[in-house]
Amino acid sequence: MRRAVQTFFPALLLVASAALAAPGPVYGPELQGFAYPNPLLHFSFSSQGQQLQMAYMDVAAQGQPNGHTIVLMHGKNFCGATWQDSITVLSRAGYRVVVPDQIGFCASSKPAFYQYSFQQLATNTAALLKKLGVPRSIVMGHSTGGMLATRYALMFPQAVAHLILVNPIGLEDWKALGVPGRTVDQWYQREWKLTAESVRQYEKSTYYGGRWKPEYERWVDMLAGLNQGPGHQLVAWNSALIYDMIFTQPVVYELPLLKMPTTLMIGAADTTAIGSDLAAPEVKAKIGHYNVLGKEAVKRIPHGQLIEFPGLGHAPQMEDPGKFHQALLKALAAEPN
């Protein structure tokens with residue numbers, strides 16, 4: 001298998017060489033050259049028979065610390081850096097803020113071979129928090145990070161004081177609803193073709209309801225520059241493995257098992273649904289409706305509350321930081337944590 005994949009990558013490299021000449025910033029395989037909003041640290045550990053490193057930020061509380069730590073989990077097309085506004089707000093409010101880049105993403109290792117699962121990523125995160133001396137925290141996950149945060153909370157319920165899910169994907173099981181699956185090789189072919197323009201158009205139409213702001217360009221450059229850099233094949237391969245994990249490991253069925261206070265923060269205009277580009281029209285029409293998904297999900301969470309942002313999309317913390325963080329701090333203040 002190792003030999004087959006090693007010969008497969010160079011062949012595709014020749015086919016896609018023109019894509020690598022695309023204009024725009026280019027970053028290293030662990031996002032070298034991209035500026036993070038806070039000092040980037042690294043946690044080295046062994047997993048699945050190999051040495052890996054997880055990049056993270058550990059931002060101290062400004063002013064009077066309140067004694068609480070909040071862990072921020074990024075989404076699939078995001079990185080720890082995209083939490084920059086939330087880090088500032090939460091730190092100023094007295095929270096210690098820990099922000100990892102998960103394995104396979106952003107500034108962390110991109111292994112050639114890795115069995116991705118949300119259980120594995122949750123275990124990696126637990127090891128990081130143990131090293132940092134954080135036995136219990138508030139956990140906030142966005143998008144795919146919401147699926148990971150949910151799995152982490154299910155695996156380590158005593159370690160989670162409050163679970164916050166920001167437009168989490170996985171509130172519906174796309175496969176069960178009729179979305180056709182892709183093989184890892186098919187995901188790889190798709191990810192290999194990623195460009196800044198394809199990222200921009202996808203995010204504009206799916207995340208932001210057709211709207212676009214100049215400040216989003218930095219995050220397009222981040223993702224496209226990583227994908228088109230010298231680590232292109234490993235970045236695309238890991239992305240393919242991660243998409244397979246997302247599509248095949250839904251957490252929606254386990255929402256009733258959550259034991260801690262849980263807050264859903266939903267941009268109601270979001271239409272994100274993995275694999276919808278392959279879905280038949282009648283299937284596509286019934287998936288990705290966050291104005292419905294949030295309401296349905298909160299009914300299944302024993303200690304859940306729903307905060308909706310009408311008109312906002314997949315990343316309300318980036319689209320309207322003022323409105324989002326006002327609601328977030330209010331929700332945090334209402335819980336003893």
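**View 1. The second largest pocket holds about 160 Å³ of space.** This is a predicted model, as are the rest of the views here. Count around the wall of the second largest pocket and you get 13 lining residues, with Q84, D85, E215, W219 and M318 sitting nearest the centre. Two elements, helix 2 and helix 11 (316–319), each hand over two or more residues to this lining. Sorted by class, the second largest pocket has a lining of five nonpolar, four polar and four charged residues.

**View 2. Helix 2 meets helix 12 at an angle of roughly 45°.** Here we look at helix 2 (residues 84–92) and helix 12 (residues 321–333), whose axes come within 11 Å of each other. Angles that are not roughly parallel, antiparallel or perpendicular count as oblique, and helix 2 and helix 12 are therefore an oblique pair. Their crossing is right-handed. On the helix 2 side, D85, S86, V89 and L90 make the contact, while helix 12 brings P321, F324, H325, L328, L329 and L332. The mix at this contact is seven nonpolar residues, two polar and one charged. D85 may ring a bell: that residue is also among those nearest the centre of the second largest pocket.

**View 3. The largest pocket has a volume of about 550 Å³.** Its lining takes in 25 residues, and R190, Y202, T206, S276 and D277 are the closest to the centre. Helix 5 (184–192) and helix 6 each put at least two residues into the wall of the largest pocket. Helix 6 is the top contributor there, giving five residues. As for character, the lining of the largest pocket splits into nine nonpolar, nine polar and seven charged residues.

**View 4. The largest cavity encloses about 160 Å³.** Now for the closed spaces: four cavities reach 30 Å³ or more in this model. The largest cavity has 17 lining residues, and the ones nearest its centre are K76, L223, L226, V235 and S239. Helix 7 (217–227) and helix 8 (232–248) each provide at least two residues of that lining. Helix 8 has the largest share, with four residues. Nine of the lining residues of the largest cavity are nonpolar, five are polar and three are charged.

**View 5. The second largest cavity contains about 70 Å³ of space.** Around the second largest cavity you'll find K76, N77, S143, T144, I169, Y202, Y207, Y243, I246, T272, I274 and H314. Helix 6 (196–207) and helix 8 are the elements that give two or more residues to this lining. Six nonpolar residues, five polar and one charged make up the wall of the second largest cavity. A couple of these names turn up in other views. K76 is also one of the residues nearest the centre of the largest cavity, and Y202 is one of those closest to the centre of the largest pocket.

**View 6. L154 sits in helix 4 (residues 144–155).** Which residues does L154 contact, once its neighbours within four places in sequence are left aside? The partners are E254, L257 and L258. A122 makes another landmark for this view: L154 and A122 are 32 residues apart in sequence, and their C-alpha atoms are 9.8 Å apart in space.

Methods: Residues are numbered from 1 along each chain as its sequence is written. This is a predicted model: local features need pLDDT of at least 70, side-chain atom pairs count only at pLDDT 80 or more; totals for chains, interfaces and linings use all residues. Side-chain values use heavy atoms; hydrogens and water are left out. Axes are lines fitted to C-alpha atoms, for helices over the stretch in contact, and angles run from 0 to 180 degrees between N-to-C directions. Angles under 35 degrees count as roughly parallel, over 145 as roughly antiparallel, 65 to 115 as roughly perpendicular and the rest as oblique. A crossing is left-handed if the near helix is turned anticlockwise from the far one by less than a right angle, and right-handed if clockwise. Contact means heavy atoms within 4.5 Å. Ala, Val, Leu, Ile, Met, Phe, Trp, Tyr, Cys and Pro count as nonpolar, Asp, Glu, Lys and Arg as charged, and the others, Gly among them, as polar. On a 1 Å grid over the protein atoms alone, a cavity is a set of points where a 1.4 Å probe fits but cannot get out, and a pocket is an open set with protein on both sides within 12 Å along at least five of seven lines; lining residues have an atom within 4 Å of a point. Grid points are joined across faces, edges and corners, and a volume is the space filled by probe spheres set on the points.
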